[in-house]
Amino acid sequence: MRAFREAVEAGDLDAVEALLAEDVVFTSPVAFKPYPGKAITAAVLRAVVQVFEDFRYVREIGDLDGPDHALVFQARVGDRELTGCDFLHVNEAGLIDDLMVMVRPLSGAQALGEAMGARFAQIAEEAGARSA
């Protein structure tokens with residue numbers, strides 16, 4: 001999805017949030033259960049931009065006019081390089097209702113999990129404030 005990619009690349013997290021459906025489900029590469037809802041998804045995305053260094057999309061896969069998209073990225077967490085993919089599904093209104101992220105290698109996923117885990121209280125607090 002071009003608008004999502006451009007918003008992420010520009011660091012415009014308000015624009016990213018505006019592309020999320022209220023009932024979006026975020027599936028993390030490092031958490032067992034998905035996170036339902038726009039507030040928690042936006043809060044996670046705001047935290048992850050603080051964790052990823054040298055983030056860049058390297059490939060876009062999918063039909064530009066279709067509902068399913070895959071955005072392949074590369075980034076660094078501390079000294080760990082990782083490759084990942086944002087899998088997006090858009091609803092009939094053109095909003096993202098499903099966002100699943102996968103990363104590799106395992107050492108990169110572990111570094112991401114540790115960094116995000118250290119921020120989870122802040123993420124939960126922000127999500128609570130946004131949904132209030």
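**Exercise 1. Determine the order of helices and strands along the sequence of this predicted model.**

Solution. Helices are DSSP runs of H or I of at least four residues, strands runs of E of at least two, both numbered from the N terminus. Under these criteria there are 5 helices and 6 strands. Read along the sequence, they give α-α-β-β-α-β-β-β-β-α-α. The radius of gyration, taken over C-alpha atoms, is 14 Å, close to the 14 Å of the globule rule for 132 residues, so the protein is as compact as a globular protein of that length. That rule is 2.2 Å times the number of residues to the power 0.38.

Residues are numbered from 1 along each chain as its sequence is written. Local features need pLDDT of at least 70 and side-chain atom pairs 80 or more, totals for chains, interfaces and linings use all residues, and side-chain values use heavy atoms, without hydrogens and water.

**Exercise 2. Identify the buried residues of helix α1 and establish how they are arranged.**

Solution. Buried means under 20% relative accessible area (1.4 Å probe, protein chains only). In α1 (residues 2–10), Phe 4, Arg 5, Ala 7 and Val 8 meet this criterion. Viewed down the axis, they fall within an arc of 165°, so they line one face of the helix; the arc is that of the directions from the helix axis to the C-beta atoms.

**Exercise 3. Find the elements against which these residues pack, and describe what follows α1.**

Solution. With contact taken as heavy atoms within 4.5 Å, the partners are α2 (13–18), β3 (53–61), β4 (68–77), β5 (80–90) and β6 (96–104). Just after α1, Gly 11 adopts a positive phi of about 70°.

Methods: Buried < 20%, exposed > 50% of the residue type's maximum accessible area, 1.4 Å probe, protein only.
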